[in-house]
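Biologist: Hi! Could you walk me through this structure while I have it open?
Modeller: Happy to, let's look at it together.

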Amino acid sequence: MVLQNGRDGTGADRADGAGRASEARSGDDEGNLVVEHSITVDNIEKSLQGRDILKGVSFSVRQGEVFGFLGPNGAGKTTTIRILLGLYSPDAGRASIMGADVTTDQARQRVGFVLDDDGLYDGASAKENLAYFARIYQQPVDDERITQVLRLVDLEGRADSKAGTFSRGMRQRLALARALVHDPDVLILDEPTSGIDPSAQIEIRELMVDIAHDRNKAVMLSSHNMDEVQKICARIAVLDRGEVVLSGSLAELRETMGSGMVTVRTSEPIPADLYEEIKSTAEFGLQDSSENLLHFSPSSAGTTPDIVAALARRGARIEEVTRNEASLEEMYTSIVREGQPA
Ligand SMILES: Nc1ncnc2c1ncn2[C@@H]1O[C@H](COP(=O)(O)OP(=O)(O)OP(=O)(O)O)[C@@H](O)[C@H]1O
């Protein structure tokens with residue numbers, strides 16, 4: 001599914017036209033119940049102070065994937081995350097973690113999170129911070145487990161240093177360790193790389209991928225960084241004014257929204273009448289051009305061959321045809337009207 005909630009689209013991530021997420025559970029070959037989605041958000045609505053903030057939000061996150069959760073400021077991402085963490089209850093709809101309703105202790109035990117504020121105690125060591133959070137999750141305080149997660153985030157050597165002495169990048173790694181200390185199935189991360197330097201960002205990204213792929217966790221990443229999301233997320237959902245307006249894998253999004261710009265370069269100027277003909281053919285999607293260059297966004301697989309054939313028929317010598325795949329940022333900006341009032 002790509003475009004949602006009346007802006008277009010077919011609903012591949014939904015089971016029906018009412019915006020329901022596909023079933024989180026089904027039977028395996030022996031008829032046992034199998035959880036297919038680690039996070040399921042099914043037609044959630046939420047009002048705050050009389051304003052409709054979430055208007056029927058549906059998406060799902062699978063085990064072993066990093067899922068990008070995008071949207072402009074005020075779209076409702078934090079509100080959705082708060083519902084997933086059981087901090088707000090939805091007015092309508094249902095959200096579950098590993099099949100358990102998000103309002104239950106069972107769901108809370110299976111999710112780890114890093115929010116805006118890393119929530120670490122500056123005066124406590126890395127190890128003490130983790131032991132404290134492990135107790136909150138009522139997990140036995142096990143030195144072995146603490147060492148294991150500190151090793152995972154490459155802070156084993158700083159186990160006894162106070163969190164207050166850590167750089168922002170190290171703090172984020174410690175916050176990730178804290179989120180993982182009780183061995184959850186699901187990680188929810190709100191802008192985990194914001195405000196840290198590029199090399200620390202790379203480390204956090206690698207960790208997210210490692211946690212999802214190698215440790216088979218579901219990682220839901222809320223981010224404004226399109227490049228980051230494009231690099232590491234298998235699938236995404238874009239929220240705009242409380243509605244999911246775009247969702248699916250990057251390949252699915254490209255298929256629906258167009259595969260990017262194509263450039264045709266000719267060795268001589270394109271005859272003016274031919275240029276006018278191409279320009280007036282709406283499905284060619286001509287964007288701009290110069291004497292011997294045509295830039296267009298093909299509306300179907302046949303567009304580029306049709307343009308090339310039209311040029312060849314008129315004797316234009318084609319030097320080069322190149323295609324640039326649409327970036328996530330281009331697709332995002334074509335659908336999200338940032339800065340416009342809700
Ligand atoms: N407690 C609240 N009471 C009333 N309105 C609220 C409350 N919390 C959030 N809102 C409003 O709900 C809308 C969605 O806010 P939310 O924080 O979920 O957006 P967001 O997508 O996380 O934005 P950002 O990217 O800026 O963090 C905003 O218009 C915000 O002003």
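Modeller: Let's start with an open sheet of four antiparallel strands, ordered E4-E3-E6-E7. Keep in mind that this is a predicted model.

Biologist: Okay, which strands stand at the edges there?

Modeller: Strand E4 (51–62) and strand E7 (100–101). Each has a single partner strand, so one side of each is left without a neighbour in the sheet.

Biologist: And how many bridges join E3 to E6?

Modeller: Five bridges, with strand E3 (residues 37–48) and strand E6 (residues 92–97) running antiparallel. If you want a spot to click on, Glu45 stands opposite Ala92 in E6.

Biologist: Which helix lies across E3, E4 and E6?

Modeller: That's H1, which runs at about 120 degrees to E3. Helix H1 (residues 77–84) also gives the largest share of the shell around the ligand, three residues.

Biologist: Oh good, the ligand. Which residues are around the ligand?

Modeller: Going along the chain, you have Leu48, Gln49 and Ile53, then Gly71, Asn73, Gly74, Ala75, Gly76, Lys77, Thr78 and Thr79.

Biologist: How do the residues of that shell divide into nonpolar, polar and charged?

Modeller: Seven are polar, three are nonpolar and one is charged.

Biologist: Switching topic: what's in the largest nonpolar core?

Modeller: That core has 69 residues. Those touching the most other members are Phe67, Leu174, Ala177, Val219, Met220, Leu221 and Val238. Helix H5 (residues 168–180) gives the most to this core, with seven residues.

Biologist: What does Leu174 touch, leaving out residues up to four places away in sequence?

Modeller: Leu120, Ala126, Asn129, Val153, Leu155, Ala163 and Phe166.

Biologist: What lies apart from the largest core?

Modeller: Another core, of nine residues, including Val264, Phe284, Ile307 and Leu311. As background, nonpolar side chains tend to be buried together in soluble globular proteins.

Biologist: Where does Val264 sit, and what stands opposite it?

Modeller: Val264 stands opposite Leu294 in E15. The pairing there is between E13 and E15, which are antiparallel and share four bridges. These belong to an open sheet of four strands in the order E14-E15-E13-E16, with antiparallel pairing. At its edges are strand E14 (286–290) and strand E16 (318–325), each pairing on one side only. On average, neighbouring strands of this sheet are turned by 15 degrees against each other, direction ignored.

Biologist: How do E14 and E15 pair?

Modeller: In the antiparallel sense, over four bridges, with strand E15 covering residues 293–296. Ser290 has Leu293 in E15 as its bridge partner.

Biologist: And over how many bridges do E13 and E16 pair?

Modeller: Seven, again in the antiparallel sense, with strand E13 spanning residues 260–266. Met261 stands opposite Asn324 in E16, and Val262 has Arg323 as its bridge partner.

Biologist: How many of the eight residues of E16 are buried?

Modeller: Zero, so E16 lies largely in the open.

Biologist: I also clicked on Asp306. Where does it lie?

Modeller: Asp306 lies in helix H10 (residues 303–313). Asp306 has 15 C-beta neighbours inside 10 Å, so it counts as partly exposed. Its C-alpha is 9.9 Å from that of Ile278, and the two residues are 28 apart in sequence.

Biologist: Backbone check: what is phi of Asp154 near?

Modeller: Phi of Asp154 is near 60 degrees, a positive value in a residue other than glycine. Asp154 is placed in the loop between helix H4 (143–152) and H5. Asp154 counts as partly exposed because it has 13 C-beta neighbours inside 10 Å.

Biologist: And what about phi of Glu191?

Modeller: Positive as well, at about 50 degrees, and Glu191 is not a glycine. Glu191 is in the loop between strand E9 (186–190) and helix H6 (198–214). With 18 other C-beta atoms within 10 Å, Glu191 is partly exposed.

Biologist: Last one, the big picture: how many helices and strands does the protein have?

Modeller: Eleven helices and 16 strands. Buried residues make up 37% of the 342 residues. Among contacts between residues at least 6 apart in sequence, 66% join residues at least 24 apart.

Technical notes. Residues numbered from 1 in each chain as written. Predicted model: local features only at pLDDT ≥ 70, side-chain atom pairs only at ≥ 80, totals over all residues. Pairing = 2+ DSSP bridges. Helix = DSSP H or I, 4+ residues; strand = E, 2+ residues; numbered from the N terminus. Axes fitted to C-alpha atoms, helices over the stretch in contact; angles between N-to-C directions. Near = placed C-beta within 6 Å. Nonpolar A, V, L, I, M, F, W, Y, C, P; charged D, E, K, R; others polar. Core = buried A, V, L, I, M, F, W, Y, C linked by C-beta atoms within 7 Å. Buried ≥ 20, exposed ≤ 12 C-beta atoms within 10 Å, placed from the backbone. Contact = placed C-beta atoms within 7 Å.
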